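Work through the exercises below with the sequence and the model side by side, and try each task before reading its solution.

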Amino acid sequence: MSNTVLKVAGLTVAYGGIKAVKGVDLEVNQGELIALIGANGAGKTTTLKAITGTLPACKVDGTITYLGQPLKGSQSFQLVERRLAMVPEGRGVFTRMSIRENLMMGAYTRSDKAGIEADIDKWFSVFPRLKERAAQMAGTLSGGEQQMLAMARALMCHPTLLLLDEPSMGLSPIMVEKIFEVIRKVSSEGITILLVEQNARLALQAAHRAYVMDTGLITMTGNAADMLDDPRIKAAYLGE
């Protein structure tokens, strides 16, 4: 039995004549926290959306397998049933539902009421701000609070694989610190994570391995700690 959770091979994404992703290969193994870093416009978010089948009209080629089974043609709700969850860039919370209702939506594939309540309590303990505002409409929350909610909602389905797209974007430094604290906690619990993140330093500090993406191509891969000391990474992404 392979411990490969996600395998992407020869992935290309084209919008008309423009290739946004040009033949990406990557693997995420069980229990790993993998960072996908690169400049804005490198193709990182497009790669995640290709994995989840949530791209607008475009041509997608290559193979994407999750737990040994192809993902192509799967609907979003089927991915959640297969315990693949994504926290999209921009959070995507249900703005006219309360915090608690958002969390319940994250657990819609489950029927264990006691377990669902226990998980809501768990994430309320991790994010006390959400507990304080449990009945508040999600659309009235700050960006950081919405990011907390989006992460907690995704984790309510007990994902085998969690995809995170730019979780620190637009947040205050103290909120970014909190979000990465939770990412490390979730990883330590054995949940496999693929993290797309522009803050290369924080991503590499949290990750086991990393891929660097530039203009639609994977240009480097390796141990995340080693990459932090790589002069090419320092010059291009760490401002050193």
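## Exercise 1: A covered helix

Helix α1 is mostly covered, since 8 of its 9 residues are buried. The model used here, as in every exercise that follows, is a predicted one.

Task: find which residues of α1 are buried, and describe the residue that follows the helix.

Solution. Begin at the start of the helix, where Lys-44, Thr-45, Thr-46, Thr-47 and Leu-48 are among the buried residues of α1. Continue along the chain, and Ala-50, Ile-51 and Thr-52 complete the buried set. Then step past the end of α1 to Gly-53, which has a positive phi, near 70 degrees.

## Exercise 2: The open sheet

Task: give the order of the strands in the open sheet, name its edge strands, and trace the pairing of β1 with β2.

Solution. First, lay out the 4 strands, which run in the order β2-β1-β4-β5 and pair in the antiparallel sense. The edges of this sheet are β2 (18-29) and β5 (69-70), each of which pairs on one side only. As a general point, strands of a sheet pair through backbone hydrogen bonds, either parallel or antiparallel.

Next, turn to β1, residues 4-15, which is joined to β2 by 9 bridges in an antiparallel pairing. One such position is Leu-11, whose bridge partner in β2 is Val-24.

Finally, look at Thr-4, which belongs to strand β1. The side chain of Thr-4 makes a polar contact of 3.2 Å with the side chain of Asn-29. Apart from residues up to four places away in sequence, Thr-4 touches Glu-27, Val-28, Asn-29 and Leu-67.

## Exercise 3: Two pockets

Task: describe the largest pocket and the second largest pocket by volume, by lining residues and by the elements that contribute to them.

Solution. Start with the largest pocket, whose volume is about 480 Å³. It is lined by 19 residues, and those closest to its centre are Ser-76, Val-80, Ala-85, Met-86 and Arg-153. Two or more lining residues come from each of α2 (76-81), β6 (84-87), α3 (99-106) and α6 (143-155), and the largest share, 4 residues, is that of α2. By kind, the lining consists of 12 nonpolar, 5 polar and 2 charged residues.

Now take the second largest pocket, which holds about 310 Å³ of space. Of the 20 residues that line it, Ala-50, Gly-53, Val-60, Lys-72 and Gly-73 are the closest to its centre. Both α1 (44-52) and β4 (59-66) supply at least two residues of this lining, with β4 giving the most, 6 residues. The lining of the second largest pocket divides into 10 nonpolar, 7 polar and 3 charged residues.

## Exercise 4: A charged residue in a helix

Task: decide whether Glu-145 is buried or exposed, and work out what surrounds it.

Solution. Locate Glu-145 in helix α6. Its relative accessibility is 6%, and because the limit for a buried residue is under 20%, Glu-145 counts as buried.

Then search for its surroundings: once neighbours within four places in sequence are set aside, Glu-145 is in contact with Arg-129, Leu-130, Arg-133 and Met-175. Within its own stretch of chain, a polar atom of the Glu-145 side chain lies 2.9 Å from the backbone nitrogen of Ser-142.

As a last step, compare positions along the chain and in space: Glu-145 and Gly-216 are 71 residues apart in sequence, and their C-alpha atoms are separated by 32 Å.

Conventions:
Residues are numbered from 1 along each chain as its sequence is written. This is a predicted model: local features need pLDDT of at least 70, side-chain atom pairs count only at pLDDT 80 or more; totals for chains, interfaces and linings use all residues. Side-chain values use heavy atoms; hydrogens and water are left out. On a 1 Å grid over the protein atoms alone, a cavity is a set of points where a 1.4 Å probe fits but cannot get out, and a pocket is an open set with protein on both sides within 12 Å along at least five of seven lines; lining residues have an atom within 4 Å of a point. Grid points are joined across faces, edges and corners, and a volume is the space filled by probe spheres set on the points. Ala, Val, Leu, Ile, Met, Phe, Trp, Tyr, Cys and Pro count as nonpolar, Asp, Glu, Lys and Arg as charged, and the others, Gly among them, as polar. Buried means under 20% relative accessible area, exposed over 50%, partly exposed in between (1.4 Å probe, protein chains only). Contact means heavy atoms within 4.5 Å. A polar contact is a pair of N or O atoms within 3.5 Å; within protein, one must be able to donate a hydrogen and the other to accept it, and residues adjacent in sequence count only if both atoms are side-chain atoms. Two strands pair if DSSP finds at least two bridges between them.
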